[in-house]
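Biologist: I'm new to this one, so could you walk me through it? Let's put the sequence and the model up before anything else.

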Amino acid sequence: AQKKAGKLYAAVCASPALVFAPNDLLQKKATCYPKLKDNMSDSFVDQQVVVDSNCCTSQGPGTSVIFALTLIELLFDKSKAHTVATAMLVNYTSP
């Protein structure tokens, strides 16, 4: 429903490969836990976080802080994401 409505939807770790891919929820580019990249045909990109249209995907637990900050940026703006990152002592660069 989120994809059809053009609203933001997101997944991390195995979910992009095991839930989004088989249900035609990926855009042209996405990422997932690297060992599952074969489940994503040609859409896999080896980056911590990938945003394509209204779909945001991330590789796993180790990328969850950058994933969360990216979601903040998408839902609010870059300024809010940088404010949160600074408070968390994280160096954040938009994907």
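Modeller: First, a definition: helices (H or I, at least four residues) and strands (E, at least two) are DSSP runs, numbered from the N terminus. The model is predicted, so to speak of local features we need pLDDT of at least 70, side-chain atom pairs count only at pLDDT 80 or more, and totals for chains, interfaces and linings use all residues. Residues are numbered from 1 along each chain as its sequence is written, and side-chain values use heavy atoms, with hydrogens and water left out.

Biologist: OK, which residue follows H3 with a positive phi?

Modeller: Start with H3 itself, which covers residues 78–88. Most residues other than glycine have a negative phi. Right after H3, though, there's a positive phi near 65°, and the residue that has it is Leu89.

Biologist: Is Leu89 buried or exposed?

Modeller: Buried means under 20% relative accessible area, exposed over 50% and partly exposed in between, with a 1.4 Å probe and protein chains only. Leu89 is at 78% relative accessibility, so it counts as exposed.

Biologist: And at the other end of H3, which residue is the N-terminal cap?

Modeller: Look for a side-chain oxygen 3.2 Å from the backbone nitrogen of Ser79. That's a polar contact: a pair of N or O atoms within 3.5 Å, where within protein one must be able to donate a hydrogen and the other to accept it, and residues adjacent in sequence count only if both atoms are side-chain atoms. The oxygen belongs to Asp77.

Biologist: Over to the strands. Which strand is joined to both E2 and E1?

Modeller: Strands pair if DSSP finds at least two bridges between them. E2 (residues 49–52) has four bridges to an antiparallel partner, residues 55–58. E1 (residues 9–12) also has four, but runs parallel to its partner. In both cases the partner is E3.

Biologist: Which residue in the turn between E2 and E3 has a positive phi?

Modeller: The two strands form a hairpin with two residues between them. On the E2 side, Asp52 stands opposite Cys55 in E3. In the turn, an exposed residue with a relative accessible area of 55% has a phi of about 60°, and that residue is Ser53.

Biologist: What kind of aromatic pair do Tyr9 and Phe20 make?

Modeller: Rings of Phe, Tyr and Trp (its six-membered ring) pair if their centres lie within 6.5 Å; planes under 30 degrees apart are stacked, over 60 edge-to-face and the rest tilted. A search of the whole structure finds one such pair. It links Tyr9 in strand E1 to Phe20 in helix H1 (residues 15–20), eleven residues apart. The ring centres are 5.4 Å apart and the planes are at 55°, so the pair is tilted.

Biologist: Last one: how far is Glu73 from the nearest side chain of opposite charge?

Modeller: Glu73 is in helix H2 (residues 64–75), and its side chain makes a polar contact with that of Tyr92 at 2.6 Å. Lys and Arg count as positive and Asp and Glu as negative, with His and the chain ends not counted. A salt bridge is a side-chain nitrogen of Lys or Arg within 4 Å of a carboxyl oxygen of Asp or Glu. Glu73 is buried without one, and the distance to Lys78 is 4.5 Å.
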